[in-house]
Amino acid sequence: MATEGKLEKTGYADYIDEIYEIIDAVVPRTDEPALPVLTLRVWFLGLVFGALICAANTVFTFRTNEFSITPFVTVLMAYPCGLFLAWALPTGILNPGAFNYKEHALIYVITSSMSGTPYALYNIVGQKYQLYQNDLNFWWCVSFAVVTQCFGYGFAGLTRRYLVRPVAMLWPSNLATIAMLNSLHSTEDSSNGRYLMSRFKFFWLVCSASFWYTWLPQYVMPMLGAVSVICFFARNNPSNRIPIVLGSTQLFGGMGLLSFSFDWTMFNYIFAPITTPLWAVWNQFIGSWLVFWIIVPLCWHYDAFGLDSELGVGSSPYGFDLNSPSLYNRNGTYLDKKKFVTKNPADPKSLVLDQAFYDENKPIYITSMFAVTYCTSFLVFVAAIVHVGLWYGTDIWHRFRSTVTDLDREDIHCQLMDAYDEVPDWWYYITLAATTALGIATCEVGGFDLPWWGVLIGILLALVSMIPIGVIQAISGQAIGLNVISEFLIGLILPGRIAAVMAFKTFSYMAMYQGMSLVADLKLGHYIKIPPRAMFLTQLVSTVLGALISTWVACALYESFGKVPPAAERAADFPWGWEWKIQTLEPASGWSSANYNVFLSAGAIWGAIGPSRFFGPGSPYFKTLIGFPVGLFLPVIPWLLHRWRPDSFWHLVNVPVLAVMPLQAGSTQSILITPLLVALLVNYYIKKYRYTWWKKYAYVMSAALDCGSAVSTLAIFFLAKYNPYPFPAWYMNPSDQERCLPDAVIACNDHANMGDAYGFTYDPTQDPGCNS
């Protein structure tokens with residue numbers, strides 16, 4: 001093939017051969033153009049399942065470690081529903097015949113477009129609820145969510161010839177879906193009679209087991225979610241501070257060295273150990289171990305950024321703050337993020353820096369972990385561009401110069417897709433123009449404070465980043481965001497305007513991220529041979545509906561918890577006399593809204609304070625900018641070594657994947673061992689020694705674990721956190737999940753937590769042993 005020939009010249013023969021083997025194992029080289037595709041049952045099942053998963057995933061964004069239900073679950077749940085509708089409905093427009101695999105795939109695409117929660121939720125929750133901008137209109141919030149979700153359509157269409165048609169652009173996340181579709185709609189047994197249990201039955205057995213098991217780490221025995229080996233031997237007292245820094249995993253704690261997690265919901269969303277290629281998993285974990293277990297503790301111990309080991313000394317239960325997205329003043333004292341922001345007297349809809357508060361507390365500090373992750377973010381952005389330029393630059397340049405010539409005309413899948421009418425480029429141009437116009441109106445009038453030219457710069461940044469970062473995701477499954485680099489750019493242009501900076505970040509990040517999601521679905525349609533115009537229509541409609549549902553659920557959930565009077569020591573921070581109750585949930589509850597807190601902290605750093613103040617010369621964090629030159633040169637090393645030894649493993653060393661940090665400050669850090677063990681067990685041992693079982697059941701098992709644990713987590717949330725009805729405190733359910741704190745402190749915290757349950761209020765005067 002043409003593509004294969006070009007890649008052989010650069011020494012990729014074995015790699016490309018492996019890609020063809022992977023594709024041929026799950027993607028048939030045939031098509032049935034006459035099959036009905038865009039049917040009424042597709043719309044009905046797709047939108048119903050999409051709405052349910054969209055609402056559930058919106059709730060999950062408030063978890064300490066984010067989790068989501070993969071749309072892959074829909075592949076299995078929609079199958080019996082599609083068969084039932086084909087049997088029950090009268091033949092005709094409602095029932096064009098047997099339920100087929102193309103309809104099934106399109107239901108998945110609709111669900112996939114709806115299941116990803118809008119990044120705009122972080123702007124909406126941050127401004128409307130965390131910063132108490134109560135006059136932010138709900139419908140302008142919906143408009144902001146819809147616009148930022150739909151920008152990606154223009155980019156997906158304009159880059160599809162670079163990110164969809166080439167064989168090397170594998171998009172491994174689609175393989176599990178295709179394998180499952182084949183197994184459900186094929187009469188052949190892929191195990192040749194060796195394993196008689198159907199995939200469908202296997203899914204429901206594992207799903208049921210996952211549902212009941214999840215009650216243990218999520219409700220009955222939370223210690224299973226964070227098993228700290230070091231804290232088992234050392235407790236928190238002044239003589240063992242270093243072991244606690246290394247071993248604790250919770251918010252305000254340490255880095256979780258040698259800690260395990262037996263909670264699937266804690267790590268699958270981040271690492272996806274079963275569906276991610278093993279080489280990419282190794283890259284992820286080697287980079288994470290180096291940063292989180294070596295570099296960050298050393299920076300903390302030696303005060304690399306000035307006050308690292310003194311932050312949070314007077315306020316943290318651990319006696320220090322390391323795993324935290326919080327901000328601190330020049331004395332190391334915690335600062336409330338909303339105090340950095342005030343309304344602009346000249347424009348009440350604009351939020352700007354409170355200069356007096358900043359001057360009173362500067363320089364502002366962040367934890368070592370937070371600072372190092374910013375450094376790696378700078379590195380990743382540059383490294384992604386360099387890596388793609390070195391390894392794929394020639395092929396991309398040929399495609400750019402030959403946009404009229406089909407460079408993939410010899411590929412069988414491209415030949416089969418060419419039988420369908422392609423989506424004209426002008427459809428994508430119109431979508432991009434319409435969303436740009438609505439985006440400008442939303443920001444200028446709706447309260448998001450970004451000027452019209454800021455929207456255009458955000459679009460341009462996403463456009464130039466789409467191909468290099470898209471190539472990384474297409475070959476490895478690892479997503480790289482524009483969130484940090486976009487904040488850096490707009491913070492220099494609009495310093496002191498937090499809402500504008502957060503809006504720009506969402507525009508540029510989501511334009512590219514959503515574009516990637518849509519490109520992945522386009523690749524799925526390419527493999528399954530779904531007509532491109534049917535893909536365009538279903539993706540667009542479902543994305544708009546998903547944004548509407550997700551925004552409503554997030555706002556309704558936040559407000560449904562109600563309001564509570566603030567604690568006496570913080571009453572001055574709430575002159576209106578109340579705060580949102582959801583903001584008072586303990587980190588140990590597993591629902592600390594960690595991602596929302598990180599987003600707001602970043603808004604304060606890049607927006608209110610501004611990068612010139614926070615990262616400029618003379619700042620404690622000026623040295624984090626070393627990530628830019630390191631990202632420029634580091635990817636060259638494995639490339640040169642591969643040129644020297646083409647038959648070695650250096651083509652599998654991916655610097656952007658090594659350097660992208662999957663864990664955010666404030667998330668539970670106990671998940672840097674278990675996912676790797678799962679990946680080695682499933683994708684090395686079982687794949688090597690029980691390949692037939694792996695091929696039939698591995699991806700089904702991943703989806704079943706997702707589905708069962710997600711339903712269980714939702715049930716536990718509404719039972720124990722929303723009402724609340726907590727499980728009684730005992731050894732495996734302490735207030736400190738990993739038991740790193742002293743036993744006396746844990747016991748007193750347990751008293752308070754249980755005393756606030758079942759409609760009661762904890763009265764400290766009735767517990768003099770803990771409040772004397």
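# A walk through the predicted model

Start by selecting Asn174, Leu175, Ala176, Thr177, Ile178, Ala179, Met180, Leu181, Ser183 and Leu184: these are the buried residues of helix α9. Keep in mind while you click around that this is a predicted model. Now widen the selection to the whole helix, residues 173-185, and you have an element that is mostly covered, with ten of its 13 residues buried.

**Stop 1: helix α5, both ends**

From α9, hop over to Tyr101, which is found in helix α5. Show what surrounds Tyr101: leaving aside neighbours within four places in sequence, its contacts are Asp31, Glu32, Leu35, Leu181, His185 and Ile528. You already have Leu181 highlighted, as one of the buried residues of α9. Is Tyr101 itself buried or exposed? It counts as buried, because its relative accessibility is 18% and the cut-off for buried is under 20%.

Next, run along α5 (residues 101-115) to Ser115. Ser115 is buried too, with a relative accessible area of 7%. Which residues does Ser115 touch, not counting those up to four places away in sequence? Select Ile53, Cys54, Asn57 and Pro71 to see them.

**Stop 2: α20 against α21**

For a long jump, draw a distance from the C-alpha of Tyr101 to that of Leu489: the two are 388 residues apart in sequence and 45 Å apart in space. Leu489 is one of the α20 residues that make the contact with α21. Select helix α20 (residues 483-493) together with α21, and look at how their axes come within 9 Å and cross at roughly 135 degrees. The two helices are therefore oblique to each other, and their crossing is right-handed.

To light up the contact, pick Asn483, Ser486, Glu487, Leu489, Ile490 and Gly491 on α20, then Val501, Phe504, Lys505, Ser508 and Tyr509 on α21. Colour them by type and you get five nonpolar, four polar and two charged residues.

Stay around here for Lys529, in the loop between α21 and α22 (532-560). Check its backbone: phi is near 70 degrees, a positive value in a residue other than glycine. Most residues other than glycine have a negative phi. Lys529 is also buried, with a relative accessible area of 1%.

**Stop 3: two more backbone oddities**

Select Asp449, in the loop between α18 (425-445) and α19 (452-476). Asp449 has a positive phi of about 70 degrees although it is not a glycine. At 10% relative accessibility, Asp449 counts as buried.

Then go to Pro363, in the loop between α15 (355-361) and α16 (368-401). What is the peptide bond from Lys362 to Pro363? It is cis, with omega near -5 degrees. Most peptide bonds are trans.

**Stop 4: the nonpolar core**

Now for Phe340. Leaving out neighbours within four places in sequence, Phe340 is in contact with Leu327, Leu335, Val352, Leu353, Asp354, Phe357, Tyr358, Ile364, Ala608 and Ile609. Zoom out from there: Phe340 belongs to the largest nonpolar core, which has 230 residues, and it joins Phe292, Tyr374 and Trp606 as the members touching the most others. Which helix gives this core its largest share? Helix α21 (residues 498-528) does, with 20 residues. In soluble globular proteins, nonpolar side chains tend to be buried together.

There is a second, separate core of ten residues; to find it, select Trp215, Tyr219, Val220 and Leu224, which are among them.

**Stop 5: α14 against α28**

Select helix α14 (residues 278-301) and helix α28 (residues 674-689), whose axes come within 11 Å and cross at roughly 160 degrees. That makes α14 roughly antiparallel to α28. This crossing is left-handed.

Show side chains for Leu278, Val281, Trp282, Phe285 and Trp289 on α14, and for Pro675, Leu676, Ala679, Leu680, Asn683 and Tyr684 on α28, since these make the contact. Residues of this contact divide into ten nonpolar, one polar and no charged.

**Last stop: Ile582**

Finish in the loop between β8 (579-580) and α23 (594-609), where you will find Ile582. Ile582 counts as buried, at 6% relative accessibility. Beyond neighbours within four places in sequence, its contacts are Phe62, Tyr558 and Phe561. Draw one more distance, from Ile582 to Tyr558: their C-alpha atoms are separated by 6.6 Å, and the two residues are 24 apart along the chain.

Note on methods:
Residues are numbered from 1 along each chain as its sequence is written. This is a predicted model: local features need pLDDT of at least 70, side-chain atom pairs count only at pLDDT 80 or more; totals for chains, interfaces and linings use all residues. Side-chain values use heavy atoms; hydrogens and water are left out. Axes are lines fitted to C-alpha atoms, for helices over the stretch in contact, and angles run from 0 to 180 degrees between N-to-C directions. Helices (H or I, at least four residues) and strands (E, at least two) are DSSP runs, numbered from the N terminus. Angles under 35 degrees count as roughly parallel, over 145 as roughly antiparallel, 65 to 115 as roughly perpendicular and the rest as oblique. A crossing is left-handed if the near helix is turned anticlockwise from the far one by less than a right angle, and right-handed if clockwise. Contact means heavy atoms within 4.5 Å. Ala, Val, Leu, Ile, Met, Phe, Trp, Tyr, Cys and Pro count as nonpolar, Asp, Glu, Lys and Arg as charged, and the others, Gly among them, as polar. Buried means under 20% relative accessible area, exposed over 50%, partly exposed in between (1.4 Å probe, protein chains only). A nonpolar core is a set of buried Ala, Val, Leu, Ile, Met, Phe, Trp, Tyr and Cys residues joined through side-chain atoms within 4.5 Å.
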